[in-house]
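Q: I have a structure open here and would like to talk it through with you. Could we go over the strands, and then how far to trust the model?

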Amino acid sequence: MRVVRALSAALLALGAAAAPAAADASPSPSKDGTSAPMRAGTSFRTAAEIEQGQPATASGSTGDYLYWSFPADTGQRPTVKATVKLPETHASQTWQIDVYDGLRRRQACQYGAQTHTAASDASSVELACVLRTVRAWSEPWANDPLPGTYYVRLTATGVATADLGLPVGSEVRVDSEDIGGSAAVDGSLAEPLVPGVASKPEEEQANAAVLAGLEPEGGWASGRWSDRWVWTAAGGVLAALAGVGGYALSRGTGRPSRVPPA
């Protein structure tokens, strides 16, 4: 029984240690006091940087390619949402949102209306793309999402000639769900995958293309402690308790009094 009590105390202490880890795994709110970008790039090199949880708006013309970039870290499942405000008079249009990683590899959407056709009487169109969970590492031949900079491209794929050049407004927002230890894998990247390039207003510097400066709040977490180890240890303690309890129940009360000693 002393062994059972000792293991029970160890399990309680381990559960108390797991509670802060689970709290830290919750999605972080967006930073306060930051102004939302009001522009978009026209290529990968001039993509406007946005933070997760921060809406970005931009004005453009029908037929343009609009680009934004954002950082995504291990264990996150990003969701990209876009809203396009259409001109008052327009023909039927098909809009599409695509997400690329730092190697310009197009990432598949798990679900969401990645492509949407707006009728001629529609005033706006909404798009969404939920990416796969970002992994800590991957095989060279795989196309798995890896920690680093990601690019969002918004454009109209089916536009009548008369609608080309008509002004449109757009709003893009990226949010992530932190999957936590359930998405942890053995191994990690030493550095985020291709930090990518971004742009700054031309009045700040002559060459607008620079290395992307944004990173997840708290820094890149590749290779750090994962709550998966906490719950693995908790499972081991539970298994030990089950073994001790099973032994205590199966060994009985000893030799019956009616049975003579050997």
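Q: How many bridges are there between β2 and β10, and in which sense do they pair?
A: This is a predicted model, and in it β2 and β10 pair in the antiparallel sense over six bridges. Within that pairing, Gly-60 stands opposite Val-168 in β10.

Q: Which residues of β2 are on the covered face, and which on the uncovered one?
A: The covered face of β2 is made up of Ala-56, Ala-58 and Gly-60, while Thr-57, Ser-59 and Ser-61 belong to the uncovered one.

Q: OK, and what is the strand order in the sheet?
A: The order is β2-β10-β4-β8-β6, five strands that form an open sheet with antiparallel pairing. The edge strands, each of which pairs on one side only, are β2 (56-61) and β6 (109-111). From one strand to the next the twist averages 35°.

Q: Moving inward, how many bridges does β4 share with β10, and how many with β8?
A: Strand β4, residues 76-85, pairs with strand β10, residues 167-178, over ten bridges in the antiparallel sense, and one of the matched positions there is Pro-78, whose bridge partner in β10 is Ser-176. With β8, strand β4 has an antiparallel pairing over seven bridges, where Val-84 has Val-125 of β8 as its bridge partner.

Q: And how many bridges are there between β6 and β8?
A: There are two bridges between β6 and strand β8 (residues 124-131), again in the antiparallel sense. Cys-109 stands opposite Leu-131 in β8.

Q: Speaking of cysteines, how many disulfides does the structure hold, and which residues form a disulfide?
A: The structure holds one disulfide, formed by Cys-109 and Cys-129, with their sulfur atoms 1.9 Å apart. The pair links distant parts of the chain, since Cys-109 lies in strand β6 and Cys-129 in strand β8, 20 residues apart.

Q: Is that link left-handed or right-handed?
A: The link of Cys-109 and Cys-129 is left-handed, with -95° about the S-S bond.

Q: Is Cys-129 buried or exposed?
A: Cys-129 counts as buried, because its relative accessibility is 0%, and the cut-off for buried is under 20%.

Q: Different topic: what about β9, how many of its residues are buried?
A: Nine of the eleven residues of β9 are buried, so β9 is largely enclosed by the rest of the structure.

Q: Which strand pairs with β9 over seven bridges?
A: Two strands can be named here: strand β3, residues 66-72, pairs with β9 in the antiparallel sense over seven bridges, and β5 likewise has an antiparallel pairing with β9 over seven bridges. On the β3 side, Ala-72 stands opposite Gly-148 in β9, and on the β5 side the bridge partner of Asp-98 in β9 is Arg-153.

Q: While we are on β5, what does Thr-94 touch?
A: Thr-94 is found in strand β5, residues 93-100, and, leaving aside residues up to four places away in sequence, Thr-94 touches Thr-115, His-116, Thr-117, Thr-155, Ala-156, Thr-157 and Gly-158. The side chain of Thr-94 also makes a polar contact with the side chain of Thr-117, at 3.0 Å.

Q: Why does Thr-94 count as buried?
A: Thr-94 counts as buried because its relative accessibility is 19%, and buried means under 20%.

Q: And where is Pro-147 found?
A: Pro-147 is found in the loop between β8 and β9 (148-158), and it counts as buried because its relative accessibility is 0%. Pro-147 and Thr-133 are 14 residues apart in sequence, and their C-alpha atoms are 10.0 Å apart in space.

Q: Last thing, what is the mean pLDDT of the protein, and which elements have the lowest and highest mean?
A: The mean pLDDT of the protein is 77, and 66% of its residues reach 70 or more. Among the elements, helix α1 (residues 2-24) has the lowest mean, 42, and β8 the highest, 96. Over residues 1-8 the pLDDT is below 50, and this stretch has eight contacts in the model beyond near neighbours in sequence.

Q: What about residues 10-33?
A: There the pLDDT stays under 50 as well, and the model has 21 contacts beyond four places in sequence for residues 10-33. Where pLDDT is low, the predicted coordinates should not be read in detail.

Technical notes
Residues are numbered from 1 along each chain as its sequence is written. This is a predicted model: local features need pLDDT of at least 70, side-chain atom pairs count only at pLDDT 80 or more; totals for chains, interfaces and linings use all residues. Side-chain values use heavy atoms; hydrogens and water are left out. Two strands pair if DSSP finds at least two bridges between them. Helices (H or I, at least four residues) and strands (E, at least two) are DSSP runs, numbered from the N terminus. Axes are lines fitted to C-alpha atoms, for helices over the stretch in contact, and angles run from 0 to 180 degrees between N-to-C directions. pLDDT is the predictor's confidence in each residue, from 0 to 100. Contact means heavy atoms within 4.5 Å. Buried means under 20% relative accessible area, exposed over 50%, partly exposed in between (1.4 Å probe, protein chains only). A polar contact is a pair of N or O atoms within 3.5 Å; within protein, one must be able to donate a hydrogen and the other to accept it, and residues adjacent in sequence count only if both atoms are side-chain atoms. A disulfide is a pair of cysteine sulfur atoms within 2.5 Å.
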